[in-house]
Structure formats: C-alpha cells, structure tokens
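I opened this notebook to record what I looked up, entry by entry, in one structure.

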Amino acid sequence: MFDLTGKCALITGASGGIGGAIAKALHEAGATVGLSGTREAPLQALADELGERAFVLPCNLSDPEAVAALPKQAAEAMGSVDILVNNAGITRDNLFMRMSDEEWQSVLDVNLTATFKLCKGVLRGMMKSRWGRIVNISSVVGATGNPGQGNYAAAKAGMVGMSKSLAYEVASRGITVNAVAPGFIETAMTDKLNDDQKAGILGQIPAGRMGSADEIASAVLYLASPEAGYVTGATLHVNGGMAML
Amino acid sequence: MSDIPDRVRKIVVEHLGVEEDKVTESASFIDDLGADSLDTVELVMAFEEEFGIEIPDDAAETIQTFGDAVKFIKEAS
C-alpha cells in the first residue's frame, strides 16, 4: 500500500529492536535506508540482510561533531535524505532526588538535542525538494511521566513540542513532522524485566500484551508515506490502550 | 562581478514569483515582495549556492532588501 520507491530514509538507532524494524519496513516499501547507530557490527549485519539500498552510517549521538556530520554523510551516501526517523534514545534512570546533572544532561543531549540538530541538518534538502518526512520516536512516558525517568520523560515530551513547532514552520514546503509514542514494546530492553515486573506492566495495558517493534515500524511507515501528506504535528500513540491520549 | 545584481534578481524573481521591475534596490523581501520569514531563509540558501559562499545566520538577518543582498554578496565573493 505504501510505496517509498526513490525515497531515501535516515534512521538513527537502527541497531536496536525498534530502529531495525523501522529500517526493514521502510526498506521493504522501496526506500533506500541509511542505518545509523553507535555499534557498527549490528548495523552491518542488518545492511547485509537488507541487501541493496542499505548504507551503514555509524554515529555516536553524544558526540556533537558526529551529529553535525551525519546529515551530510547520509546525503552523500544515499543522494538525499527525504525521510528522517529520529529513533535513537538512551535511558539513565534514577530517582529525581538522586539524579545527577550528568544523567540529566546525557539523556537530553542524545534524545532531544541530537534530534534537533539532525532535523535542522536535513531540512535544507527537504525544503529544496519541497517534500520531506520527519518522524520522531517519542514515548508514552513523555505524555504520562514515569517515576525514575524524569530526564527521559522530559526529553520525550520535548520532542513532541519541538516536532509541533517545526511542523508549523515547514508545512507549506511539503514537509511533515510527526511523532510516534510507543508504549511497552518487546525489545532487548524489556526482556530484562522479571516476571513480576512484566505482570505489573501488562495489568496496565488494556490490550493485555506488549507491543512489537513491527507495530511501531508500521506507524512510522504510514507517517513517512505520501499518503500521510496531510498529517503533521501529530503524535501517534501506539500503546495497546495504556494511555488514551 | 558586475553580473551579481542580475543573478540575485533572477533568484528573487524565480523564488518569490514577482515581476522583475518590482525588485528594486530598496525593495524589502518581506514588506515589498511578499516573502515570509521562511522565504528569506530559502533565498539566503539559494544565494549561498549560486555564489559558492557561506552566509552566517547573524549576517543573514541583516539581509532585508535586494540591495542588502547584492552588497553582502559583492563583499563576500
């Protein structure tokens, strides 16, 4: 249904569960994909699996110079960046009272500031071509808050406000900016939870199960598609009903 | 060098869709030529590419009129 043939997509955090699923979905729809992440080996493995139209673009998003260089590297490798998916994120959980400045800053730097810089870096090309899709991966906790995640929730809520502001500015140029807010998704991160923790989480989810990375990827695919051209400044919540926003 | 005004005028005419004779020395992009603030950013981008120069953000803000643009580009290139 969604055809991205001829479009080039840069996906950050592509070595992770959700990022990898997003890359596969966009690639399957015909897009050329730039796989970014800190760990080169899993990126290369994914690129090998995808075959043609896949480029490995290692980048440490906590390094400002690397962030500044990434949009150019992506455009050089793929020819352009028509779709940007800011998926990379880190957590440094701690109780608010105990949270260090470093824990706060590192999460803001990678999750919010790098997103800002990457958006800025790809806009010139999108403005010129009068077409662009930016999808920022937020989180349900950006809307609801979560104990122990003051930094993460702040960054994820910040992404939503930033996306809406940018959406206003560039809507007239054929560029949409949206957010996807996943709930609890089965990934390496959630595999580490014990059974009691999992049961506690599932009790809060009307769907009675965790989501899959593919279900996030499908939401991203829609927002990246030509069909979603009239959707901008939106946050698509994909959370099994755990927060109906 | 002498063709700078003509090249700048061509970019402005193409980008803003205005008549060539409206693009006078003192014509303000926003007040006289119907540009919005994002148009002015795009014009600066187009000037940078046409003339192979870098126009830093603080300098870009001073480029309000056609004359400003020509003057800046003459000095920069």
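The entries below go from the annotations to the contact between the chains and then to single residues.

**Entry 1. Annotations.** I noted at the outset that this is a predicted model. I then consulted UniProt, where an unreviewed entry lists "domain: Ketoreductase" for residues 7-188 of chain A. Over that stretch I found 52% helix and 18% strand, with the end C-alpha atoms 30 Å apart. For chain B, the UniProt annotation "domain: Carrier", also from an unreviewed entry, covers residues 2-77. There I read 57% helix and 0% strand, and the end C-alpha atoms are 12 Å apart.

**Entry 2. The modified serine.** I looked up Ser37(B), which UniProt lists in an unreviewed entry as "modified residue: O-(pantetheine 4'-phosphoryl)serine". I located Ser37(B) in helix H2 of chain B, a helix that spans residues 37-51. Is Ser37(B) buried or exposed? Its relative accessibility is 55%, so I recorded Ser37(B) as exposed, the cut-off being over 50%.

**Entry 3. The contact between the chains.** I asked how many residues each chain brings to the contact. Chain B gives eight residues and chain A gives seven residues. Between them the two chains bury about 710 Å², of which 44% is on carbon and sulfur atoms. On the chain B side, Leu38(B), Glu42(B) and Met45(B) lose the most area to chain A, together 64% of what that side buries.

**Entry 4. Charges across the interface.** I counted seven salt bridges across the interface of chain B and chain A. H2(B) supplies the largest share of the side of chain B that touches chain A, namely six residues. Five residue pairs, both members at pLDDT 80 or more, are in polar contact between the chains. One of the salt bridges pairs Lys128(A) with Glu49(B), at 2.6 Å from N to O.

I then examined Arg173(A) and Asp36(B), whose side chains meet in a salt bridge at 3.6 Å, N to O. Arg173(A) sits in the loop between helix H6 (150-170) and S6 of chain A, and Asp36(B) in the loop between helix H1 (4-16) and H2 of chain B, so this pair joins two chains. I recorded Arg173(A) as buried, at 5% relative accessibility, and Asp36(B) as partly exposed, at 35%. Both belong to a network of salt bridges that also links Arg130(A), Asp39(B) and Glu42(B).

**Entry 5. Salt bridges within chain A.** Over all chains I found 14 salt bridges. Glu49(A) forms one with Lys24(A), the closest N and O atoms being 3.5 Å apart. This pair links distant parts of the chain, 25 residues apart: Glu49(A) is in helix H2 (residues 40-50) and Lys24(A) in helix H1 (residues 17-28) of chain A. Glu215(A) and Arg209(A) also meet in a salt bridge, at 2.7 Å from N to O.

**Entry 6. A buried charge without a partner.** I turned to Glu103(A), found in helix H4 (residues 101-129) of chain A. Which side chain of opposite charge is nearest to Glu103(A)? It is Arg92(A), 7.0 Å away; a salt bridge needs N and O within 4 Å, so the buried Glu103(A) has none. Leaving out residues up to four places away in sequence, I found Glu103(A) touching Arg92(A), Asn94(A), Arg98(A) and Asn151(A).

**Entry 7. A buried threonine.** Lastly I looked up Thr176(A), in strand S6 (residues 175-182) of chain A. Thr176(A) is buried, with a relative accessible area of 3%. Among the residues it touches, I listed Ile134(A), Leu223(A) and Val231(A).

Terms used
Residues numbered from 1 in each chain as written. Chains lettered and ligands numbered in written order. Predicted model: local features only at pLDDT ≥ 70, side-chain atom pairs only at ≥ 80, totals over all residues. Heavy atoms only, no water. UniProt positions renumbered as here; feature names shortened; annotations may be inferred. Helix = DSSP H or I, 4+ residues; strand = E, 2+ residues; numbered from the N terminus. Buried < 20%, exposed > 50% of the residue type's maximum accessible area, 1.4 Å probe, protein only. Lys, Arg positive; Asp, Glu negative; His and termini not counted. Contact = heavy atoms within 4.5 Å. Buried area = accessible area lost by both parts, 1.4 Å probe. Polar contact = N/O pair within 3.5 Å; in protein donor to acceptor, adjacent residues only side chain to side chain.
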